[in-house]
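Got your viewer open? Let's take a walk through this protein, one selection at a time.

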Amino acid sequence: MALSQIQPGLLRKMTVRKVLESLQTHGPLSRADLTRDTGISAPTVSKVVVDLLESGLLEEGAAPDNTVGRPGKKIQLARDGAQVIGIVLDQHTCVVLAASLDGQIDGERTSTFATPGTYDALLNQLTEFVQRFNEDTTSQTLGVGISTPGLVDEEYERCLFSPNLQIINRQTPALDLTKRTGLESICFQETKALCMAERLYGNARGLDDFAMMDMSTGLGLGVFSGGELLRGHNGLAGELGHITVDPTGKLCGCGNHGCLETLATDSALITMLSERLNQKFLIEDIIPQLKNGQIQAPDELNRVCEYLSIAVAAAINLFNPATLFLYGRFLSINAALPEQVVRMARRRTLDPTFEQCSVRMAVTNKQQGAIAAIVHHLTRSAGPRMSG
Ligand SMILES: [Zn+2]
């Protein structure tokens with residue numbers, strides 16, 4: 001195909017992306033502000049805005065009261081006329097929720113249920129909630145994002161292997177959900193989804209080089225490098241959790257022994273405490289008891305902090321992020337724990353890379369991750385699919 005034939009489509013796609021990213025970063029903007037911020041000509045921006053308004057991705061807000069002359073209505077990501085649905089799959093519980101395109105989660109339309117024992121039962125539950133959230137509103141549902149633990153083949157939408165949720169292995173939940181509901185659905189690996197959430201709604205706004213370590217159920221690493229997610233050969237990069245750190249350690253969901261994720265996560269802490277106290281715990285129950293001193297666990301906490309510091313040091317040494325975000329619960333037990341992890345990581349890191357990196361807790365969560373994933377997908381794919 002000749003360059004002249006490709007170029008209009010490419011330019012258009014770039015304009016769409018710039019307009020949407022500008023609105024994601026700044027919130028509602030007038031057409032004039034959009035033109036200034038994107039550096040694209042006013043007629044081109046206007047044409048793309050018209051198409052995006054038609055597609056439902058954007059809405060016009062109210063005109064400002066104090067405008068002289070022709071009032072310029074602000075353009076924003078859809079809040080009223082359109083919604084997206086997010087799904088978080090996890091080992092013990094799953095969540096289905098509705099949100100606007102600017103990431104506002106509708107708390108009244110958020111449902112949590114225990115993860116069923118079979119894939120068919122899971123799909124039935126998901127279908128039921130998605131259909132309910134699609135039908136109980138006048139908003140148009142533009143898509144469904146599924147935050148998925150384990151390895152996801154993005155091209156074929158297949159869950160390749162999930163050590164902590166094996167019922168989805170080799171399954172295609174996004175395609176299956178689309179077949180049942182008619183809604184465009186995508187699977188997004190959960191740590192990569194967390195990266196997107198922190199970049200769209202959290203403290204990674206404007207950061208092009210950062211990493212996100214999920215240390216909750218499993219241990220995963222998402223890396224943003226040069227403004228793009230690091231994918232690897234086929235999108236599977238970042239499985240830091242399955243590096244062996246104790247060859248004679250516990251059996252991991254992946255089949256190996258002593259993987260980092262069996263030692264450095266919320267799940268690792270729960271396993272250690274469950275064994276010592278001979279009682280089954282859930283993370284949401286045990287964190288308050290550890291915080292108020294009902295349960296004392298200095299040895300277990302030292303151990304998970306030590307191994308987490310190995311993971312943190314590995315991420316910093318390997319990827320040189322400007323910020324490393326941590327997502328998980330146990331570091332919230334007391335303020336000394338994050339400091340302890342950073343101190344121990346410092347000893348295991350090369351000084352120059354450590355000094356250039358700040359380590360902080362993520363402020364977004366997996367629910368926002370599922371929403372960010374579908375919003376990201378819709379904004380990236382808006383260009384080529386639209387008419388014109
Ligand atoms: Zn493993």
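Start by selecting helices α7 and α8, which are roughly perpendicular to each other. They pack at an angle of about 75 degrees, and their axes are 11 Å apart. One thing to keep in mind as you click around: this is a predicted model.

Now show the side chains where these two helices touch. On the α7 side, pick D266, L269, I270 and L273; they meet I283, I286 and L290 in α8.

Keep α7 on screen and add E300, which sits in helix α9. Is E300 buried or exposed? With a relative accessible area of 9%, E300 is buried, as that value falls under the 20% cut-off. Beyond its close neighbours in sequence (those within four places), E300 is in contact with L269, M272, L273 and R276. You have already clicked on L269 and L273, because both belong to the α7 side of the contact with α8.

Stay with α9 and select the whole helix, residues 298–319, together with helix α10, residues 336–347. Their axes come within 8 Å and cross at roughly 50 degrees, so α9 and α10 are oblique to each other. The crossing is right-handed. Which residues make the contact? From α9, colour L301, N302, C305, E306, L308, S309, V312 and A313; from α10, colour L337, Q340, V341, M344 and A345.

Next, move on to the loop between α9 and β13, where you'll find N320. Its phi is near 50 degrees, a positive value in a residue other than glycine. N320 is partly exposed, with a relative accessible area of 44%.

There is another residue to look at for its phi: R170, in the loop between β8 and α5. R170 is not a glycine, yet it has a positive phi of about 65 degrees. R170 is exposed, with a relative accessible area of 59%.

Time for the metal. Select the zinc ion and the residues that hold its protein donors: H242, C252, C254 and C259. The donor atoms are ND1 of the histidine and SG of each cysteine, lying 2.0 to 2.4 Å from the zinc ion. What is the geometry of the site? It is tetrahedral, with angles of 103 to 121 degrees among the four donor atoms. Along the sequence, the donor residues follow the spacing H-x9-C-x1-C-x4-C. H242 and C259 both lie in the loop between β12 (228–229) and α7 (266–277), so the pair ties together parts that are 17 residues apart in sequence. Both H242 and C259 are buried.

Now jump to helix α4, residues 119–135, and pick V130. At 0% relative accessibility, V130 counts as buried. Setting aside neighbours within four places in sequence, V130 is in contact with I85, I87, V96, V144, L177, T181 and L183. If you'd like to try the distance tool, go from V130 to N292: they are 38 Å apart in space, C-alpha to C-alpha, and 162 residues apart in sequence.

For the last stop, select helix α2 (residues 31–38) and helix α3 (residues 42–55). Their axes come within 10 Å and cross at roughly 115 degrees, and this crossing is right-handed. To see where they touch, show R31, L34, T35 and T38 in α2, which meet A42, V45, S46, V49 and L53 in α3.

Terms used. Residues are numbered from 1 along each chain as its sequence is written. This is a predicted model: local features need pLDDT of at least 70, side-chain atom pairs count only at pLDDT 80 or more; totals for chains, interfaces and linings use all residues. Side-chain values use heavy atoms; hydrogens and water are left out. Donors are N, O and S atoms within 2.8 Å of the metal (3.2 Å for Na, K and Ca); water is not among the atoms, so sites may look incomplete. Four donors count as tetrahedral if all angles lie between 85 and 135 degrees; four count as square planar and six as octahedral if opposite donors are over 155 degrees apart and all others between 65 and 115; anything else is irregular. Helices (H or I, at least four residues) and strands (E, at least two) are DSSP runs, numbered from the N terminus. Buried means under 20% relative accessible area, exposed over 50%, partly exposed in between (1.4 Å probe, protein chains only). Axes are lines fitted to C-alpha atoms, for helices over the stretch in contact, and angles run from 0 to 180 degrees between N-to-C directions. Angles under 35 degrees count as roughly parallel, over 145 as roughly antiparallel, 65 to 115 as roughly perpendicular and the rest as oblique. A crossing is left-handed if the near helix is turned anticlockwise from the far one by less than a right angle, and right-handed if clockwise. Contact means heavy atoms within 4.5 Å.
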